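Me: Please take a close look at a single part of this model and describe how its strands are paired, residue by residue where possible. A formal, connected account would be appreciated.

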Amino acid sequence: MERQRSFSFKSTRFLVFSFTISSSFVFLVFLFTWVVKSHPSVHQETHFQFKKSFLDFGGHKPITVKSLSSFRSNDSAAAVKHSTVKDTPFVRPGNASGSDKISVSKEIQRQENVSEVLEDGNDETEDPETEQEDAPAPAIEDIEVESKELTEEDEVIANSVDKLEIPSSEEHKEEKKTSVASVDKNEVRSNGKIEEKKTNSCDVTKGKWVYDESYPLYTNGSCPFIDEGFSCDSNGRRDRNYMKWKWQPQDCDLPRFNAAKMLDLIRGKRLVFVGDSINRNQWESMLCMLMEAIRDPKKVYETHGRRITKEKGNYSFKFVDYKCTIEYYVSHFLVHESKARIGQKRKPTLRIDAIDHGSSKWRGADILVFNTAHWWSHYKTKAGINYYQEGNQVHPRLDVSTAFRKALMTWAAWVDRHINPGKTQVFFRNSVPSHFRGGEWNSGGHCMEAAWPLNDTSGMRYPEKNKIVEEVILQMKTPVTLLNVTGLSAYRIDGHPSIYGRKPGNRNSNIQDCSHWCLPGVPDTWNEILYFHLQSKQRYKYQSKSRL
């Protein structure tokens, strides 16, 4: 009897315990359901993804902005934990319909390694063959971005974001500014990307000349380094409008040259110009522009005591307070000008397979600015008869374009072999047009009557040599920035010395100079573009270091 009561007591307690557990489970289920309905945005997992409605613009090809992880190791630091995409431009298609505002999905997933997408840069990478990857779309916080203008300082953090795709169309009319911080868009690289004259997503080759009374940046009186051939004002030219034109790109503002900032950029460095007399034109312009920041002119001097003349080919000016040098080395072709026995006589030849023998002086420079083009239009080079030499062979006849390409490839091989991209920035300025009318320089060609820029240059063809330069640079391992100043210079028929390349008593009325440029003048703009590129590269390096 005692044993039976004990068994009954235990069964009752078990039933009570089971009922309590069941009731608690039901209560928790109802509680969880209520919580979920009251807070629908709570999810366990989030992802960064654009809404489908944002991507659907009627079948336009996508523009893909890749994260740093997708670039080559020499384009960005592989060890960097944070990838930064700045000022990503969301271009509004011309035929897009609907609201002016685009909804962009934003999610945050916090983990140890995140990729930051910031809006403050300018690089664009287009890959029409890349398709949007499917991804789950849990909780989404919407951000509205104006179709005409990206909202400022909106930060989106996403984990392992590989691709952001936005629609692209040939009918896009409003360019926005994109940047992938690991890529300098101003460079022409050997991996097939020609990054030509686009600084901060602005194509500086497209624009117009604007009359600006605040120019020139210096005068003939303030600069002691202008040689007679470029000193038009000192040689009697009285119309000075040619000094007062500023180049205005259509998609951005080209910053005014700041001599003090430029000297800070090249402090302790060698800025070296190598090329023909047109590059000497640009080098003298740079000297004059920099002198505007120098209080004591005695602290700038030529290291060998040379005075600038056409006869001397090599110069090095020391800026004592900044411990930098601005140098020029003459090299008409960048390859070796030689001699070879042809028949009974030794005649000049051009060794298109050998670099200029002065190349040892170019090595170790921090900034190199090359050019060649002017001398390739002379009679000997154009004719190509018994002039071009490779090894011991002198070609009886060789097309000038073929010879130019071979010479450029010789130069490119030298750069790839001897230049350290980690130390030296390499620029190549392409050709600028002459403006002879009625003949060539030695046959009555003239430009004296031109006092204003041309209104239209559509009749001028893009030089074949420029195309060859671009093709050769694309094959190089060393990053090279192309200074494409052909188009903007083509307008400036008014900028040449004409008869004012000599003093009045030394003039030959039958010979005018319509290929070089007065100083102050057009070469100052080339240097403003060079300054713009150097500033951009400096900012990129600073930003890269700050992220490490």
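Reply: Ile-342 stands opposite Lys-345 of strand E18. In this predicted model, the two residues belong to a hairpin formed by E17 and E18, with two residues between the strands. One residue of the turn, Gly-343, has a positive phi of about 70 degrees. The strands themselves, E17 with residues 335-342 and E18 with residues 345-355, run antiparallel and are joined by eight bridges.

E18 also pairs with strand E20, which covers residues 388-390. Here the sense is parallel, and the pairing extends over two bridges. Within this pair, Arg-351 has Gln-389 of E20 as its bridge partner.

Gln-389 also takes part in the next pairing, since its bridge partner in E21 is Val-394. E20 and E21 run antiparallel and are connected by two bridges.

Taken together, these pairings give an open sheet of four strands in the order E17-E18-E20-E21, and the pairing is mixed. At the edges lie E17 and E21, the latter spanning 393-394, and each of them pairs on one side only. The mixed character can be followed along the order of strands: E17 and E18 are antiparallel, E18 and E20 are parallel, and E20 and E21 are again antiparallel.

A helix accompanies this sheet. H6, made up of residues 400-418, lies across E17, E18 and E20. Relative to E18, the helix runs at about 55 degrees.

How values were computed: Residues are numbered from 1 along each chain as its sequence is written. This is a predicted model: local features need pLDDT of at least 70, side-chain atom pairs count only at pLDDT 80 or more; totals for chains, interfaces and linings use all residues. Side-chain values use heavy atoms; hydrogens and water are left out. Two strands pair if DSSP finds at least two bridges between them. Contact means heavy atoms within 4.5 Å. Axes are lines fitted to C-alpha atoms, for helices over the stretch in contact, and angles run from 0 to 180 degrees between N-to-C directions.
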